[in-house]
Amino acid sequence: MSEPLAGLGDIWAYLAASPLLALTLTLAAYLVALAVYRRSGQLAVLHPLIVSLAIVVGVLVATGTTYDTYFEGAKFIHFLLGPATVALAVPLYRQWDRIRRRALAIAVGVVAGSLTGIATTLTCAELLGADHEVLTSLAPKSVTTPVAMGIVEKLGGLPSLAAAFVLITGVLGATVGPVVLTLAGVTDERARGFGLGTAAHGLGTARALGESEAGGAFAGLAMGLNALVTAILLPLIWAFLF
Amino acid sequence: MLAAVTAIFACQLAGESIAAALGLPLPGPVLGMVFLFAFLVLRSAVPEALERASSSLLSHLTLLFVPASVGVMVHVGRIEKDIVVILAAIVVSTFATMIAAGWTLQALTRGSRKPPADAAVEAQP
């Protein structure tokens with residue numbers, strides 16, 4: 001069936017059409033990023049996601065590859081985010097006794113976090129004068145991507161811009177968040193995970209899992225609850241304000 | 001292991017279907033997590049294969065965010081235009097949210113080692 005490939009250009013065209021190139025690039029970039037992170041003594045600014053991003057974006061720009069082309073292949077890695085979210089049920093289950101005992105504190109904490117996020121975003125945008133589309137796209141930035149995009153769509157913002165904000169928030173929260181929590185005197189590993197998951201969704205959860213399994217379980221729980229609470233509160237607040 | 005992966009996918013599929021059918025504000029995978037969790041509670045143990053499947057998925061969670069994160073490059077122009085307000089809002093708000101949630105949980109659980117009355121009732125099996 002398939003003709004022998006003639007030159008380098010043909011090989012490139014052939015590879016570019018298969019997911020293999022994007023998948024290999026993503027995995028290799030991540031492996032390099034992990035090595036860099038470990039060598040650096042886990043320096044926050046060299047978080048594996050930041051270095052992976054720098055490498056992948058660098059390669060895409062250098063080869064003139066569009067994001068859509070890259071994602072066509074990389075979506076197979078992206079797909080695993082869903083099953084990974086489901087898998088969070090396992091650490092959650094192991095922490096269930098502790099979670100049950102703190103049910104009220106958890107409920108109050110996630111509402112406090114969600115309202116604080118919305119109020120501070122509104123204040124900053126008001127003080128510095130963001131246009132309404134940007135403000136609306138910023139509002140649910142602590143919420144996991146699919147929910148944030150859904151909320152923003154309902155409120156009349158730009159879902160794909162919202163997704164970018166969600167990711168910037170996640171990177172910032174996962175890298176600098178632990179230091180901020182320590183400075184704020186939040187030392188309990190579960191409370192730290194809870195803060196990371198509420199403010200920085202899955203990326204915060206990934207970071208919390210790196211600190212401790214208990215923290216990771218509370219982070220995963222906080223991520224799910226904040227998605228729910230913000231999806232309910234934000235449209236109400238927007239209806240009241242705008 | 002294959003059965004465990006199938007179970008995880010099935011939970012996500014059920015979550016996605018139900019969230020879409022009922023128009024819930026939750027993403028399908030989060031609902032799927034609730035289903036898997038309910039299964040574990042009913043079984044009152046984590047099967048070994050599920051243990052392995054979940055830890056291999058979660059051990060490189062950050063990697064799974066790379067493809068979506070690269071998408072930020074598409075919005076560089078728009079972000080650059082409003083860079084100051086966007087960064088200020090994200091930095092201030094992310095840390096305020098994190099501290100509010102983490103500190104509240106820590107303060108409320110430290111203050112009362114004994115669980116609050118309604119939580120204690122809920123905690124009965």
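**Figure 1. The end of helix α8 in chain A of the predicted model.** Directly after α8(A) comes A:G129, whose phi is positive, near 70°. The helix itself covers residues 103-128 of chain A, 26 residues in total. At 1.5 Å a residue, α8 of chain A should span 38 Å, and its end C-alpha atoms are 38 Å apart, so the expected and modelled lengths agree.

**Figure 2. The side of chain A that touches chain B.** On this side, 93 residues of chain A are in contact with 70 residues of chain B. Helix α8(A) supplies the largest share of the chain A side, 16 residues. Sorted by class, the chain A side has 61 nonpolar residues, 25 polar residues and seven charged residues.

**Figure 3. Residue A:I232 in helix α13 of chain A.** The helix that holds A:I232 runs over residues 213-241. Is A:I232 buried or exposed? A:I232 counts as exposed because it has 12 C-beta neighbours inside 10 Å, and a residue with 12 or fewer is placed in that class. A second residue, A:V36, serves as a reference point for distance. Along the sequence, A:I232 and A:V36 are 196 residues apart, and in space their C-alpha atoms are separated by 41 Å.

**Figure 4. Domain 1 and domain 2 of chain A.** Domain 1 takes in residues 8-79, and domain 2 takes in residues 86-241. Taken over C-alpha atoms, the centres of the two domains of chain A lie 27 Å apart. How many residues of domain 1 of chain A are in contact with domain 2 of chain A? Five residues of domain 1 are in contact with six residues of domain 2. The domain 1 side of this contact consists of four nonpolar residues and one polar residue, with no charged residues.

**Figure 5. Chain A as the setting for the close-up views.** The secondary structure of chain A amounts to 13 helices and zero strands. Read along the sequence, the pattern is therefore α-α-α-α-α-α-α-α-α-α-α-α-α, each element being a DSSP helix run numbered from the N terminus. The C-alpha atoms of chain A fill a box of roughly 65 × 40 × 35 Å along the principal axes. Chain A has 242 residues, of which 53% count as buried. Of the contacts in chain A between residues at least 6 apart in sequence, 59% join residues at least 24 apart.

How values were computed: Residues are numbered from 1 along each chain as its sequence is written. Chains are lettered from A and ligands numbered from 1 in the order in which they are written. This is a predicted model: local features need pLDDT of at least 70, side-chain atom pairs count only at pLDDT 80 or more; totals for chains, interfaces and linings use all residues. Domain bounds come from an automatic or database domain assignment. Two residues are in contact if their C-beta atoms, placed from the backbone, lie within 7 Å. Ala, Val, Leu, Ile, Met, Phe, Trp, Tyr, Cys and Pro count as nonpolar, Asp, Glu, Lys and Arg as charged, and the others, Gly among them, as polar. Helices (H or I, at least four residues) and strands (E, at least two) are DSSP runs, numbered from the N terminus. A residue is buried if 20 or more other C-beta atoms lie within 10 Å of its own, exposed if 12 or fewer, and partly exposed in between; C-beta atoms are placed from the backbone. The expected span of a helix is 1.5 Å times one less than its number of residues.
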